[in-house]
Amino acid sequence: YTVVVSNPFDSVTSAVATVTVADMTAPTIVCPTNIIVECAGPPGTIVTYSANAFDVCDTNVALVCAPPSGATFGLGLTTVRCVATDDSGNTNSCSFTVRVQDTTPPTISCPASIIAAEFPHDGGTAVVTFAPPVTGDLCDSSLAVACVPPSGAAFPVGYTTVLCTARDDSGNFNI
């Protein structure tokens, strides 16, 4: 631009000056609130979210979040960090957490009723073995299964109810 200067003697002097406008303002970034989801499988759960960024000087703001939206999040707590960078190199960041929890009890399917013969020389009892119950869980591949009385125990004459419990790694159980 041109600067014009005058003095009381009506002499006018002009000069050319260069003005550089620098973008020193970081972009604005908005992260979602903390997210809680139910576990969908052993590798975890796919979680999508939306973070946004804008800048007063630039229309193109690069936004990168790690882990990205649509990633598989494992059981537990994960912190997501997002960074926005404008064309001038100014940055701003925010973070939030994704908690994948397992509140679903495992399934349990007990074997059919068993009829066993009594052995008089064993005090009127019969040793009965049975296959462990079939179990399943969305998030855990191994489950703790306990039956009372256990397979291989001596059962008295008559009906005996066997109670089996399956428990997953998150402490959920089913009887």
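**Exercise 1.** How many bridges join β9 to strand β10, and in which sense do the two strands run?

*Solution.* The structure is a predicted model, in which local features need pLDDT of at least 70, side-chain atom pairs count only at pLDDT 80 or more, and totals for chains, interfaces and linings use all residues. Residues are numbered from 1 along each chain as its sequence is written, and side-chain values use heavy atoms, with hydrogens and water left out. Strands are DSSP runs of E with at least two residues, numbered from the N terminus, and two of them pair if DSSP finds at least two bridges between them. Strand β10 covers residues 91-101, and 10 bridges join β9 to β10 in an antiparallel arrangement. Within this pairing, Ala84 has Asn92 of β10 as its bridge partner. The hairpin of β9 and β10 has 5 residues between the strands, and there Gly89 takes a positive phi near 90 degrees.

**Exercise 2.** Find the strand that pairs with β9 over 5 bridges.

*Solution.* Strand β7 (residues 62-66) pairs with β9 (residues 76-85) in the antiparallel sense. Here Cys65 has Cys82 of β9 as its bridge partner.

**Exercise 3.** Describe the aromatic pair that a search of the whole structure finds.

*Solution.* Rings of Phe, Tyr and Trp (its six-membered ring) pair if their centres lie within 6.5 Å; planes under 30 degrees apart count as stacked, over 60 as edge-to-face and the rest as tilted. The search gives 1 aromatic pair. The ring centres of Tyr49 and Phe96 are 4.9 Å apart and the planes stand at 70 degrees, so the pair is edge-to-face. Tyr49, in the loop between β5 (45-47) and β6 (52-54), and Phe96, in strand β10, are 47 residues apart, and the pair links distant parts of the chain. Buried means under 20% relative accessible area (1.4 Å probe, protein chains only); Tyr49 counts as buried because its relative accessibility is 12%, and Phe96 counts as buried at 2%.

Notes
Helix = DSSP H or I, 4+ residues; strand = E, 2+ residues; numbered from the N terminus. Buried < 20%, exposed > 50% of the residue type's maximum accessible area, 1.4 Å probe, protein only.
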